[in-house]
Amino acid sequence: MGKLVRLGQIMEKSDASMAERREYSVSALSKIEKVMDYLLENPGSTFSELCENVDVPKSSLYQLMRALTSNRFVREDEEKRFHIGFRMFEYGQAAVRNLDIWKTAHPFLVELAKKTKLTVHLGILNENLNGVFLDRVDGANFTFTHTRIGAQIRLETSATGRALVAWESKKRQEQLLRMLHFDMESGPASSAEAYLAECERSVQRGYAVDAQASQPNINGIGVPLYNYTGEVCGAIAMGGLCQELDLENCQEQLKLIQEAAAQISAALGKQAVPV
């Protein structure tokens, strides 16, 4: 009987120890997430800036940064500033390449960029309903400087973002509207009502536009992609200087991006793409 009691005590201690380890692991992951999220938006931050802006105790942060740096998750430059490390890039690239939509769309995007000489993007809504760039192909007329693979998409202003939202269901749009940030001086993105009206215009015309809303002197047009169920699964967009992509006279470029979207959607299993 005594042996059973002792065994029960050992098991209880073991269970408690495992629970403590799980709690510690979750806490450690939370700290790592905070650091990586901050560096993603603020590359080149110093340790002092991390201490000021990341909710992690200084002593813990010091040890964490040493571990992240030694394992190449974070890179420290000659000026003692921190950046996302190459190991994260390797993981990110592997994750993106494992997505069917990336593998399917990429060859079409390369061809589209070649034909139009404009910068072409592929974007999706992730599980948290955040827009994310999955791909970017630069044409001969390279113009974009602020977009990158893995970065969040401004759903409010960008052609990619508006194309992702405009063809969604009303229920999904309502969810997205609660997450968007509107600016009283941003025209179609000045309010939820104005944004929905712009979405409706996008559907009616067959494509979304960005008339210098994301970046001065840069225009963009975007169209949705569909999967085998007929649901919107992403969007592609092209952008360029106003003189290269004139929204009043872009019929040829529009035809090319719509053809590319139809080909990608067909390759993803959609037989007839809505217009």
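Helices α5 and α9 pack with their axes 9 Å apart, at an angle of about 165 degrees. That makes α5 roughly antiparallel to α9, and the crossing of the two is right-handed. Keep in mind that this is a predicted model.

On the α5 side of this pair, the residues in play are T104, A105, F108, L109, L112, K115 and T116. They meet L256, I257, A260, Q263, I264 and A267 in α9. Sorted by class, the contact of α5 with α9 has 9 nonpolar, 3 polar and 1 charged residues.

**The chain as a whole**

There are 9 helices and 7 strands in the chain. Of its 275 residues, 41% are buried. Among contacts with a separation of 6 or more, 53% join residues 24 or more positions apart.

**Two nonpolar cores**

Back to L109, L112 and I257: they turn up again in the largest nonpolar core, among the residues with the most contacts inside it. That core has 29 residues, and L122, I221, I236 and M238 are also on the list of its best-connected members. Which elements give two or more residues to this core? Helices α5 (100-116) and α9 (251-267) do, together with strands β3 (119-125), β4 (131-137), β6 (218-226) and β7 (232-241). Another core lies apart from it, with 20 residues that include L125, F133, I153 and L164.

I221 is a good place to look at the larger set up close. What does I221 touch, leaving aside its neighbours within four places in sequence? Its contacts include I236, A237 and M238, as well as Q253, L254 and I257. I221 also contacts A159, Y207, A208, V209, L245 and L247.

**α6, α7 and α8**

Helix α6 (residues 159-166) is mostly covered, with 8 of its 8 residues buried. The buried residues of α6 include the charged R162, along with T160, G161 and L164.

Helix α8 (residues 192-205) features in two pairings, one with α6 and one with α7 (residues 170-177). Here are the three packed helix pairs side by side.

| Helix pair | Angle between axes | Axis distance | Arrangement |
|---|---|---|---|
| α5 and α9 | about 165 degrees | 9 Å | roughly antiparallel |
| α6 and α8 | about 85 degrees | 9 Å | roughly perpendicular |
| α7 and α8 | roughly 140 degrees | within 12 Å | oblique |

For α6 and α8, the touching residues are G161, R162, V165 and A166 on one side and Y195, E198, C199, S202 and V203 on the other. By class, that contact has 5 nonpolar, 2 polar and 2 charged residues.

The α7 and α8 pair has a right-handed crossing. K170, Q173 and L177 in α7 meet A192, Y195, L196 and E200 in α8. Those residues divide into 4 nonpolar, 1 polar and 2 charged. Y195 is worth a second look, as it is on the α8 side of the contact with α6 and of the contact with α7.

S202 is another α8 residue to check out. Is S202 buried or exposed? It's buried, because its relative accessible area is 1%, under the 20% cut-off. Beyond its neighbours within four places in sequence, S202 is in contact with A166, W167, Y207 and A208. Y207 and A208 are also on the contact list of I221, while A166 is one of the α6 residues that meet α8.

**A few loop residues**

Most residues other than glycine have a negative phi. K80 and K117 go the other way. Phi of K80 is near 65 degrees, a positive value, and K117 has a positive phi of about 65 degrees. Where are they? K80 lies in the loop between β1 (74-76) and β2 (82-84), whereas K117 is found in the loop between α5 and β3. K80 is exposed, with a relative accessible area of 55%. K117 is partly exposed, at 44%.

Finally, there's D55, in the loop between α2 (47-53) and α3 (58-70). D55 counts as exposed, because its relative accessibility is 63%, over the 50% cut-off. Its C-alpha atom is separated by 7.9 Å from that of K31, and the two residues are 24 apart along the chain.

Definitions and conventions
Residues are numbered from 1 along each chain as its sequence is written. This is a predicted model: local features need pLDDT of at least 70, side-chain atom pairs count only at pLDDT 80 or more; totals for chains, interfaces and linings use all residues. Side-chain values use heavy atoms; hydrogens and water are left out. A nonpolar core is a set of buried Ala, Val, Leu, Ile, Met, Phe, Trp, Tyr and Cys residues joined through side-chain atoms within 4.5 Å. Buried means under 20% relative accessible area, exposed over 50%, partly exposed in between (1.4 Å probe, protein chains only). Helices (H or I, at least four residues) and strands (E, at least two) are DSSP runs, numbered from the N terminus. Contact means heavy atoms within 4.5 Å. Axes are lines fitted to C-alpha atoms, for helices over the stretch in contact, and angles run from 0 to 180 degrees between N-to-C directions. Angles under 35 degrees count as roughly parallel, over 145 as roughly antiparallel, 65 to 115 as roughly perpendicular and the rest as oblique. A crossing is left-handed if the near helix is turned anticlockwise from the far one by less than a right angle, and right-handed if clockwise.
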